[in-house]
Amino acid sequence: MDNVSNVRIFVLSGLNETVNVRLTIFSLTLLYYCLILFFNISLILVIVFDENLHEPMYILLASFCMNGLYGTTGFYPKFLLDLLSTSPQISYEGCLLQAFIMYSFACCDLSVLAVMALDRYLAICRPLHYHSFMTKRKLSGLVCFSWLTPFSIFSINVLLTSTLKLCGFNIRRLLCINWLIVRLACPDANTFLNSVYAYATILAYVCHGLFIIWTYMHLIRTCARSKDDRMKFMQTCVPHLISLVTFLLTIVFDLMYIRFGSTDLPLSFQNFISIEFLLFPPMMNPLIYGFKLTKIRNRILSLVCVKRK
């Protein structure tokens, strides 16, 4: 049997219960997306144009915010168009592209968080070696690693999915997720390789999480010895921890629901679970770092004061 799918259009039926309130949801979503764009772009521009912020921690933060823009742009514009449509649909190629963006965005977030944890570990636990290790060249390599690794992994993932012959076209979500596309495969389709690759990818990023835990074990042990280190930990590591916990809670909850969740739950609740990682981290991250990191907060306040004058 030919493995090329005959399905060219997917129906996104996650909006079926929102017919009477779509205009309200559209207005709130548009406002929320504009705020995400404003806060993330503002933080990136502050870091880019202030030479005092051209340090590894802030460059990684700018990369973090850029990834937030990348992920949300892969969802919100299409979702806003769907809210204005009577029958939300997405092309086969568009669905694969959106699935690629969603997965690479989530894993890039975790990769950047792992690199940020390494940066804080070196700055606090190995201060004498920090500048010799965190050179511009090595920092560029780490940023490339955090972006190119998930891009490469999920290119293969989507390529494997594209070889499956599909017998369904209805996706009961607001967006395309790779595992949901695989579920639409015909009964005689071989999805074993997809499953093995998916679990191998999860294992790889669990290792990222274990690395972050390892760095924080050393950070906490080191900071317990010195008041100055405790202050540094509170100023620079607490925002990172909040971002990490928020990200992990939203992603793990979504993954567990995709694999093992019940379809009997209200559709609105299922939709909320599926887009948590696009709601909270992209909005919270620039706000948390903007308010908590002293240099960024002072720079923003100075810009606000100059504008008022």
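**Exercise 1. Find where Thr163 sits, and work out what its side chain reaches.**

Start with the location: Thr163 is in the loop that runs between helix 6 (136-162) and strand 3. Keep in mind that we're working with a predicted model here.

Next, check the accessibility. Thr163 comes out at 40% relative accessibility, so it goes down as partly exposed.

Now follow the side chain. One of its polar atoms lies 2.6 Å from the backbone oxygen of Leu160.

Finally, set sequence against space. Thr163 and Arg225 are 62 residues apart along the chain, and their C-alpha atoms are 56 Å apart.

**Exercise 2. Work out the strand order of the sheet and say which strands are at its edges.**

Begin with the order: three strands make an open sheet, arranged 2-1-3, with mixed pairing. The edges are strand 2 (89-91) and strand 3 (170-171), each of which pairs on one side only.

Then look at how strand 1 and strand 3 run: they pair in the parallel sense, over two bridges. For a concrete residue, take Leu12, whose bridge partner in strand 3 is Ile171.

**Exercise 3. Take the salt bridge between Arg8 and Glu93 and say which parts of the chain it ties together.**

The count for the whole structure is six salt bridges. In this one, the side chains of Arg8 and Glu93 meet at 2.4 Å, N to O.

Now place the two ends. Arg8 belongs to the segment before strand 1 (9-12) and Glu93 to helix 4 (residues 92-125), so the bridge ties together parts 85 residues apart in sequence.

Last, check exposure at each end. Arg8 has 38% relative accessibility and counts as partly exposed; Glu93, at 46%, counts as partly exposed too.

**Exercise 4. Now do the Glu55 and Lys295 salt bridge, and find which elements it links.**

Get the distance down: the closest N and O atoms of Glu55 and Lys295 are 2.6 Å apart.

Then locate the partners. Glu55 is in the loop between helix 1 (22-49) and helix 2 (56-73), while Lys295 is in helix 12 (residues 294-308); the pair links distant parts of the chain, 240 residues apart.

As for exposure, Glu55 is partly exposed with a relative accessible area of 30%, and Lys295 is partly exposed with 38%.

While you're in helix 12, have a look at Arg297, which lies there as well. Its relative accessibility is 29%, which puts Arg297 among the partly exposed residues. Skipping neighbours within four places in sequence, Arg297 is in contact with Gly290, Phe291 and Lys292. Arg297 and Ser155, by comparison, are 142 residues apart in sequence and 38 Å apart in space, C-alpha to C-alpha.

**Exercise 5. Look at the salt bridge between Lys78 and Asp82 and work out how the two residues are spaced along their helix.**

The side chains of Lys78 and Asp82 meet at 2.4 Å, N to O. Both sit in helix 3 (residues 76-83), and because they are four residues apart there, about one helical turn separates them.

Then ask about cover: is Asp82 buried or exposed? The cut-off for buried is under 20% relative accessible area, and Asp82 has 5%, so it counts as buried.

**Exercise 6. Compare the surroundings of Ser243 and Thr246 in helix 9.**

Place them first: Thr246 is in helix 9 (residues 227-260), and so is Ser243.

Ser243 is buried, at 2% relative accessibility. Its side chain makes a polar contact with the side chain of Asn285, at 2.9 Å. Leaving out neighbours within four places in sequence, Ser243 touches Phe64, Leu113, Asn285 and Tyr289.

Thr246 is buried too, with a relative accessible area of 14%. The side chain of Thr246 reaches a backbone oxygen, that of Ile242, at 2.8 Å. With the close sequence neighbours (within four places) set aside, Thr246 has contacts with Phe280, Pro281 and Met284.

**Exercise 7. Find the residues of the nonpolar surface patch that includes Ile213, then place Ile213 itself.**

The patch is formed by Tyr199, Ile202, Leu203, Val206, Leu210, Ile213 and Met217, with about 690 Å² of accessible area together.

Zoom in on Ile213: it's found in helix 8 (residues 192-223). With a relative accessible area of 49%, Ile213 is partly exposed.

Technical notes. Residues numbered from 1 in each chain as written. Predicted model: local features only at pLDDT ≥ 70, side-chain atom pairs only at ≥ 80, totals over all residues. Heavy atoms only, no water. Salt bridge = Lys/Arg side-chain N within 4 Å of Asp/Glu carboxyl O. Buried < 20%, exposed > 50% of the residue type's maximum accessible area, 1.4 Å probe, protein only. Patch = residues over 30% accessible without salt bridge, like charges linked within 9 Å, V, L, I, M, F, W, Y side chains within 5 Å. Areas by Shrake-Rupley, 256 points an atom, 1.4 Å probe, with all protein chains shown as cover. Polar contact = N/O pair within 3.5 Å; in protein donor to acceptor, adjacent residues only side chain to side chain. Contact = heavy atoms within 4.5 Å. Pairing = 2+ DSSP bridges.
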